Amino acid sequence: MRKGIVLVVLSLLWFDALAGPESLVMRRYFVSTYQSLECMRGKDGLLMDKIFVTNENKPCPVVPAPYVDTSPSNIGLDLLVQAEALRDSILYRRALKNINTTLMTLTKMSYHVDSGLFFNRYRVDGTLIPTDLFVSSVDNVHLYLALWTLSQPPYSFDVARDLVQRMNLSIFHEPNTDLAYGGIEYRHGQWKLVGWGYRYLGTEARTIYALGRALQIFPTARTSDNVVAELFVHPNLGELFGLWDGGTFQLLLPELLLKESQYSKKFNQWFHNYINFVEAEKTRRGLPVFPAHSACQIRAIPDDYNGHVGSLSLVSTFNLEALIPSIRDIWEQVVSPHALFLMATVDPQRMFPEIKGMESLTDGHKTLYHQELGWMDGLHVNGSMNGHIVPALLALDQTIIALSLIQSMSSDGLLSSARLLQQDPARVERLKEFYGEIEHLMSRRPQ
């Protein structure tokens with residue numbers, strides 16, 4: 001009972017941060033996005049990875065994708081959304097039920113016994129059968145961060161604490177290179193690290209290293225021997241952070257979860273330079289929206305997800321797939337709203353008019369913003385489908401939108417995950433050291 005009292009009191013603090021017409025619109029966006037997550041949620045509390053929006057007149061006008069599964073990232077970011085929703089007195093009971101149901105489901109799911117970590121995919125049809133026995137480091141670190149957050153005061157969920165204590169992320173650490181590897185998989189009768197380590201800093205995998213340093217999970221020294229970092233220099237905008245696919249998600253998801261800009265002035269500048277770049281690209285390409293490209297759904301029929309979506313000007317020089325014409329031709333084809341909401345976490349005042357202006361965009365059949373379900377996943381801005389809206393909802397992208405809205409509305413500009421990390425001065429110093437190392441390494445520039 002005491003836990004509930006504490007969290008309801010916190011809801012008053014969240015409402016104090018909501019003032020003016022902009023915040024009312026953002027709250028409307030949050031409520032509709034939260035509803036989309038409820039339409040994706042199965043009886044076991046887990047979100048379907050993807051659903052498609054129909055024209056039916058019912059509370060959840062959606063149909064599932066052909067496959068029904070989910071990932072640790074989906075589960076982790078959803079738990080972070082629910083943790084924030086506990087601070088809203090209207091959503092409190094629903095959020096508390098979602099957290100308790102999901103935590104109990106996690107205790108029933110099969111996992112990698114040696115590490116206590118979760119597999120890459122599970123069915124959400126009530127069976128919880130793992131459909132991919134790969135153990136992903138990025139996916140598990142997202143879930144770990146959410147469970148760690150829920151294990152801390154004022155949340156203090158005992159089940160979350162027990163799950164965190166079971167999860168051993170150090171299994172991904174390769175001591176000879178000091179790299180975190182992409183995962184482990186079962187080969188030739190034993191579990192082995194996969195054949196790549198996360199050397200490139202311009203990806204969402206930065207969270208592995210930053211959280212590893214902050215919580216002292218495993219050694220994460222960053223040196224020129226074990227990482228690759230690129231800066232692209234724009235003639236008018238200055239330094240731009242190199243990204244593996246040039247995607248907004250790769251740049252700003254760690255900022256959303258950890259608030260990197262509070263530990264590094266350089267990162268703060270790179271984030272703002274990115275917004276300047278995307279704005280300039282809108283003008284250069286004559287587009288109706290900011291071309292904030294990020295991995296997203298690009299077609300509902302046939303079901304087509306494109307993980308190589310980003311700004312080609314920012315793609316890593318090491319990413320050879322950007323040189324393949326058939327892939328390159330569709331690299332910048334679709335804009336995804338979750339990318340613009342991620343940009344809003346850097347500069348809400350600047351991005352709000354752009355996002356509000358997108359609300360009424362339509363292709364004659366569908367609108368980009370659905371009053372009950374929030375934002376559709378994609379808008380084609382060039383190619384044969386130019387102007388068409390993709391009537392799909394992806395769990396990861398919807399949770400990113402919800403979390404971005406919460407951060408943009410919060411009085412301190414932080415999610416609970418970042419706020420809790422900052423409560424320990426020792427963790428703050430370790431994170432400053434980590435980002436200081438990256439700043440020191442950001443000297444490589446393509447000729």
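## The enclosed space

On a 1 Å grid over the protein atoms alone, a cavity is a set of points where a 1.4 Å probe fits but cannot get out, a pocket is an open set with protein on both sides within 12 Å along at least five of seven lines, and lining residues have an atom within 4 Å of a point. This is a predicted model, so local features need pLDDT of at least 70 and side-chain atom pairs count only at pLDDT 80 or more, while totals for chains, interfaces and linings use all residues. Residues are numbered from 1 along each chain as its sequence is written, and side-chain values use heavy atoms, with hydrogens and water left out.

There is one cavity of 30 Å³ or more. The largest cavity comes in at about 50 Å³, a volume being the space filled by probe spheres set on the grid points, which are joined across faces, edges and corners. Its lining is made up of Met26, Tyr29, Phe341, Ala344, Pro348, Phe352, Ile355, Leu405 and Ser408. Sorted by class, that gives eight nonpolar, one polar and no charged residues. (Ala, Val, Leu, Ile, Met, Phe, Trp, Tyr, Cys and Pro count as nonpolar, Asp, Glu, Lys and Arg as charged, and the others, Gly among them, as polar.)

Helix 2 (21-40), helix 11 (337-344), helix 12 (348-358) and helix 13 (395-409) each put at least two residues into the lining of the largest cavity. Helix 12 gives the most, with three residues. Helices (H or I, at least four residues) and strands (E, at least two) are DSSP runs, numbered from the N terminus.

## The open spaces

The largest pocket holds about 960 Å³ of space. It has 37 lining residues, and Val138, Asp139, Glu204, Phe249 and Tyr305 are the closest to its centre. Helix 3, helix 5 (137-151), helix 8 and helix 13 each bring at least two residues to this lining. The class split here is 14 nonpolar, 14 polar and nine charged residues.

The second largest pocket has about 200 Å³ of space. Of its 13 lining residues, Ala300, Ile301, Lys366, Ile389 and Pro391 sit nearest the centre. Strand 13 (296-299) and strand 19 (389-390) are the elements that give two or more residues to this lining. By class, the lining of the second largest pocket has seven nonpolar, three polar and three charged residues.

## Helix 8 and the loop after it

Helix 8 is largely enclosed by the rest of the structure, because eleven of its eleven residues are buried (buried means under 20% relative accessible area, exposed over 50%, partly exposed in between, with a 1.4 Å probe and protein chains only). Among these buried residues are Thr248, Gln250 and Glu255. Phe249 is on the buried list too, and it also turns up among the residues closest to the centre of the largest pocket. Right after helix 8 comes Lys259, with a positive phi near 60°.

Glu260 belongs to the loop between helix 8 (248-258) and helix 9 (265-285). Its relative accessible area is 0%, so Glu260 is buried. The side chains of Glu260 and Arg206 share a polar contact of 2.9 Å (a pair of N or O atoms within 3.5 Å; within protein, one must be able to donate a hydrogen and the other to accept it, and residues adjacent in sequence count only if both atoms are side-chain atoms). Leaving aside residues up to four places away in sequence, Glu260 touches Arg206, Leu251, Pro254, Glu255, Phe267, Phe271 and Tyr435, where contact means heavy atoms within 4.5 Å.

## Charged pairs

Side chains of opposite charge can pair when their charged atoms come close. The rule for a salt bridge is a side-chain nitrogen of Lys or Arg within 4 Å of a carboxyl oxygen of Asp or Glu, and the count comes to 27 salt bridges. In one of them, Asp88 pairs with Arg27, with the closest N and O atoms 2.6 Å apart. Asp88 is in the loop between helix 3 (72-85) and helix 4 (92-108) and Arg27 is in helix 2, so to speak across distant parts of the chain, 61 residues apart. Both Asp88 and Arg27 are buried.Glu359 forms a salt bridge with Arg28, at 3.0 Å between the closest N and O atoms. Glu359 lies in the loop between helix 12 and strand 16 (369-370) and Arg28 in helix 2, so this pair ties together parts 331 residues apart in sequence. Glu359 counts as buried at 13% relative accessibility, whereas Arg28 is partly exposed at 30%. Asp78 and Arg41 also meet in a salt bridge (2.8 Å, N to O), and both are buried. Asp78, Arg41, Glu38 and Arg94 are linked in a network of salt bridges.
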